[in-house]
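Trainee: I would like to go through this structure with you, one question at a time. Please show the reasoning before the result.

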Amino acid sequence: QVQVQESGGGLVQAGGSLRLSCVASGRTFSNLDMGWFRQAPGKEREFVARIGWSGGSAYYADSVQGRFTISREDAKNTVYLQMNSLEPEDAAVYFCNSLIGEALEPSQYWGQGTQVAVSS
């Protein structure tokens, strides 16, 4: 079981930037594929980005491609999400999770998330 703790959310103006952090514990972090997800009010939780256990492979949802960057720092058991050129549509609660199986599905263990608000 991997526990996660997200942080770094806040209120930002459209066009601004935020960096989210997620600290994981419970398993060897360097062996984990990790992902970021988000859920806006009244919507389903959706995939945002993922990064492979080696840090070499990253994949993004079309809606954030070119604006968001996922990275990891294994020495700190931390995965980051740098969010630039934020849009009102990016407002949501952001979650990180470990990804499991060949399909890289999120585990059943979710953190509390961190709230991102974007003013227009």
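Trainee: In which strand is the place of S98?

Mentor: This is a predicted model. Strand β9 covers residues 92–100. The place of S98 is in strand β9.

Trainee: Is S98 buried or exposed?

Mentor: Buried means under 20% relative accessible area. S98 has a relative accessible area of 4%, so S98 is buried.

Trainee: Which residues is S98 in contact with, leaving aside its neighbours within four places in sequence?

Mentor: Contact means heavy atoms within 4.5 Å. With the neighbours within four places set aside, the contacts of S98 are V2, L32, D33, M34, E105, P106 and S107.

Trainee: Which residue does the disulfide join to C22?

Mentor: A disulfide needs two cysteine sulfur atoms within 2.5 Å. The count by this rule is one disulfide. Its S to S distance is 1.8 Å, and the disulfide joins C22 to C96.

Trainee: How many residues apart are C22 and C96?

Mentor: Both cysteines are buried. C22 is in strand β3 (residues 18–25) and C96 is in strand β9. The pair links distant parts of the chain, 74 residues apart.

Trainee: Which strand gives the most to the largest nonpolar core?

Mentor: The largest nonpolar core has 29 residues, and M34 and W36 are among those with the most contacts inside it. Strands that each supply at least two residues of this core include β3, β4 (33–39) and β9. With four residues, the strand that gives the most to this core is β3.

Definitions and conventions
Residues numbered from 1 in each chain as written. Predicted model: local features only at pLDDT ≥ 70, side-chain atom pairs only at ≥ 80, totals over all residues. Heavy atoms only, no water. Buried < 20%, exposed > 50% of the residue type's maximum accessible area, 1.4 Å probe, protein only. Core = buried A, V, L, I, M, F, W, Y, C linked by side-chain atoms within 4.5 Å.
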